[in-house]
Amino acid sequence: MALYDTLGTTYGRTRRPDPRIAARIHAALGDATDVVNVGAGTGSYEPARTVLAVEPSRVMVAQRPPGSAPAVCAVAERLPLRDGAADAVMALLTVHHWTDPAAGIAELRRIARRRIVVLTWDQRMFRERFWLVREYLPAAAAFDDSRAVPVDRLAAQLGGARQEPVPVPHDCTDGFGAAFWRRPHAYLDPRVRAGISLFAQTGEDALAPGLAALADDLAAGRWHTRHAGLLTLDTLDVGYRLLVADV
Ligand SMILES: C[S@@+](CC[C@H](N)C(=O)[O-])C[C@H]1O[C@@H](n2cnc3c(N)ncnc32)[C@H](O)[C@@H]1O
């Protein structure tokens with residue numbers, strides 16, 4: 001059974017693509033005529049020119065909106081596609097789930113004719129800049145240390161890639177890890193946490209003490225005093241990066 005057959009049951013509800021991030025991804029795809037989306041999930045950020053989605057979880061595929069590109073159940077490490085099958089290939093917030101990221105990246109390079117776009121994050125930056133993992137959830141930070149693929153390594157595996165920061169809007173509609181950086185109460189909601197693999201995989205027992213401390217700090221006004229500076233920002237760069245490679 002694919003991991004997201006259990007993690008992904010509510011994905012479509014909390015992980016709605018954010019239009020500002022979509023614009024960044026679509027710009028990175030450039031004038032590619034056809035796109036394959038690997039680790040496609042429910043189809044977030046797929047441009048209209050997407051010809052195929054590759055996704056191992058049937059639960060995720062079942063949440064793709066009607067009219068989406070066709071989906072095939074497969075993994076990045078063994079793409080059922082011929083060499084040079086698509087002008088561009090994208091892989092968004094998925095590489096950290098692959099059992100063999102190097103093999104998956106080699107497959108992206110094999111099937112892309114011109115462009116590869118990967119959305120990932122810089123774990124060192126994320127740990128330092130995202131208050132939730134830094135101050136409250138060290139177990140989650142440690143879990144991410146174990147699975148995040150260093151961006152420089154990914155860029156090298158891609159044969160060289162431009163790295164573009166992706167600041168997170170304060171009202172981001174895609175509820176990924178740091179999406180609620182200016183809406184701290186959201187992290188106390190189990191439905192929000194269920195849509196974030198970092199928390200779902202770290203486990204509620206390990207998160208409980210930190211979440212209790214966050215609830216106390218919010219109730220006492222301590223979080224707002226300590227993070228007053230954040231409340232004046234519209235976007236925050238916590239380390240999300242678009243890697244854009246020309247093949
Ligand atoms: C956080 S979701 C991202 C989905 C989508 N790209 C998005 O941005 O919303 C991660 C996805 O990667 C998929 N995945 C996990 N292991 C994979 C693998 N080895 N190859 C391809 N996709 C994989 C999961 O099933 C899941 O749908």
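Let's start at a turning point: Gly30 comes right after helix 3, and its phi is positive, near 60°. Keep in mind as you follow along that this is a predicted model.

**Helix 3 and its two sides**

Helix 3 spans residues 19–29, and its buried residues are Ile21, Ile25, Ala28 and Leu29. Viewed down the axis of helix 3, these residues fall within an arc of 105°, so they line one face of the helix. In general, an α-helix has 3.6 residues a turn, so residues three or four places apart point the same way. On the face of helix 3 turned away from the buried side you will find the exposed residues Pro19, Ala23 and Ala27.

What do the buried residues of helix 3 pack against? Their partners are strand 1, strand 4, strand 5, strand 6 (162–165) and strand 9 (240–246).

**The nonpolar core**

Ile25 turns up again in the largest nonpolar core, which has 73 residues. Along with Val89, Val117 and Leu243, Ile25 is among those with the most contacts inside that core. Nonpolar side chains tend to be buried together in soluble globular proteins.

Val89 is a good residue to click on here. Setting aside residues up to four places away in sequence, Val89 touches Val36, Val38, Leu108, Ile111, Ala112 and Ile116.

**Helix 5**

Two of those contacts of Val89, Leu108 and Ile111, are also on the list of buried residues in helix 5 (residues 101–111), together with Pro101, Gly104, Ile105 and Glu107. The buried residues of helix 5 cover an arc of only 155° around the axis, which puts them on the same side of the helix. Their cover includes strand 1 (35–38), strand 4 (86–92), strand 5 (112–121) and helix 9 (151–157).

**Two loop residues with positive phi**

Gly30 is a glycine with positive phi, but Tyr45 and Leu93 have positive phi without being glycines. Here they are side by side:

| Residue | Phi | Loop | C-beta neighbours within 10 Å |
|---|---|---|---|
| Tyr45 | about 70° | between strand 1 and strand 2 (50–54) | 24 |
| Leu93 | near 50° | between strand 4 and helix 5 | 20 |

Are these loop residues buried or exposed? Tyr45 counts as buried because 24 C-beta neighbours lie inside 10 Å, and Leu93 is buried too, with 20 other C-beta atoms within 10 Å.

**Arg113 in strand 5**

Arg113 sits in strand 5. With 15 other C-beta atoms within 10 Å, Arg113 is partly exposed. Its contacts, leaving aside neighbours within four places in sequence, are Gly84, Ala86, Asp87 and Val247. Ala85 is 28 residues from Arg113 in sequence, yet their C-alpha atoms are 7.1 Å apart in space.

**What the UniProt record adds**

An unreviewed UniProt entry lists residues 37–114 as "domain: Methyltransferase type". Over residues 37–114 the chain is 19% helix and 24% strand, and the C-alpha atoms at the two ends are 14 Å apart.

**Around the ligand**

Which residues come nearest to the ligand? Of the 24 residues around the ligand, those are Tyr4, Gly39, Gly41, Thr94 and His97. By residue type, the shell around the ligand divides into 13 nonpolar, 8 polar and 3 charged residues.

Definitions and conventions. Residues numbered from 1 in each chain as written. Predicted model: local features only at pLDDT ≥ 70, side-chain atom pairs only at ≥ 80, totals over all residues. Near = placed C-beta within 6 Å. Nonpolar A, V, L, I, M, F, W, Y, C, P; charged D, E, K, R; others polar. Core = buried A, V, L, I, M, F, W, Y, C linked by C-beta atoms within 7 Å. Buried ≥ 20, exposed ≤ 12 C-beta atoms within 10 Å, placed from the backbone. Contact = placed C-beta atoms within 7 Å. Helix = DSSP H or I, 4+ residues; strand = E, 2+ residues; numbered from the N terminus. Arc of directions from axis to C-beta. UniProt positions renumbered as here; feature names shortened; annotations may be inferred.
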